[in-house]
Amino acid sequence: TKETIEIFEKALQKEEKSIQTIQKYQRDLSKLAEFLNGKELTQKRLEDYKRWLIEEKNYRVRSANSYLSCANHFCKIMEQPFFVSAYKLDRAEKKKEVPLLSMEEYEKLAKAAIKKSDSVMALVIQILSTTDIRVTELYWITVESLETGKVEFVRGSERIVMKLPDGILADLKQYAKKKGYQSGMIFRTSHGNPVDRFQLWKRLKRLCSDAGVERNKVSFQNLKRPLEKKYYPLKI
């Protein structure tokens, strides 16, 4: 219901989840609401939901597991005694679903974004690839953080202070200046909201055709490897 969704959202905020993570949980929870269609949540319906994701909606195992993880967390917060196990991946599936991105393919993606003058994607691709910053932590890159050259955020129970590489820092300052940002988040929409993880993912996938890189190789996770990637300055 609308009320339980609000309770769930407030609980996630208390857990200090990032805005992007909360938005993902909301999207994942809407899938459970779609399945229930107003019916009461029970253990049997939760198990039926697991099968529905694969058999009816044709989701891949990793995507289905993401929805199931959200459903389990929702049940925990709502103090409901329901739980459903995740689908298991065999070695063949793991290898098939997470093909490695080569250094050459990373270079093609970065240069394609620069050529298209897509500063946001060029920065996002290279920040994720050349630093330990995760996509949900882009929120903490602010105009204020550029003044110190360091990004501060909480990851789990640990406080992280991360220095931005000189090339990235210079381009972020140029980008913020061009956009006229005086304070707040660097990666924001025209309405001032944080850039949505799902929208970034869609833009990343669209960039694959311009870069000549296989779509199934490109993900936020794959951008984190291999290490030691070179940074390519933007044309701002």
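**A cavity and a helix**

Visitor: How many nonpolar, polar and charged residues are in the lining of the largest cavity?
Guide: This is a predicted model, where local features need pLDDT of at least 70 and side-chain atom pairs 80 or more, while totals for chains, interfaces and linings use all residues. Residues are numbered from 1 along each chain as its sequence is written, and side-chain values use heavy atoms, without hydrogens or water. A cavity is a set of points on a 1 Å grid over the protein atoms alone where a 1.4 Å probe fits but cannot get out, and lining residues have an atom within 4 Å of a point. With Ala, Val, Leu, Ile, Met, Phe, Trp, Tyr, Cys and Pro as nonpolar, Asp, Glu, Lys and Arg as charged and the others, Gly among them, as polar, the lining has 5 nonpolar, 1 polar and no charged residues.

Visitor: Which residues line the largest cavity?
Guide: Let's go along the chain. The lining consists of Gln20, Val135, Leu138, Phe187, Val195 and Leu200.

Visitor: Which residues of H9 are exposed?
Guide: H9 is a helix (a DSSP run of H or I, at least four residues, numbered from the N terminus). Its buried residues (under 20% relative accessible area, 1.4 Å probe, protein chains only) are Ile168, Leu169, Asp171, Leu172, Tyr175 and Ala176. They cover an arc (of directions from the helix axis to the C-beta atoms) of only 170°, so they sit on the same side of H9. On the other side, the exposed residues (over 50%) are Asp166, Lys177 and Lys178.

Visitor: What follows H9, and what is its phi?
Guide: Just after H9 comes Gly180. The phi of Gly180 is positive, near 75°.

Terms used. On a 1 Å grid over the protein atoms alone, a cavity is a set of points where a 1.4 Å probe fits but cannot get out, and a pocket is an open set with protein on both sides within 12 Å along at least five of seven lines; lining residues have an atom within 4 Å of a point. Helices (H or I, at least four residues) and strands (E, at least two) are DSSP runs, numbered from the N terminus.
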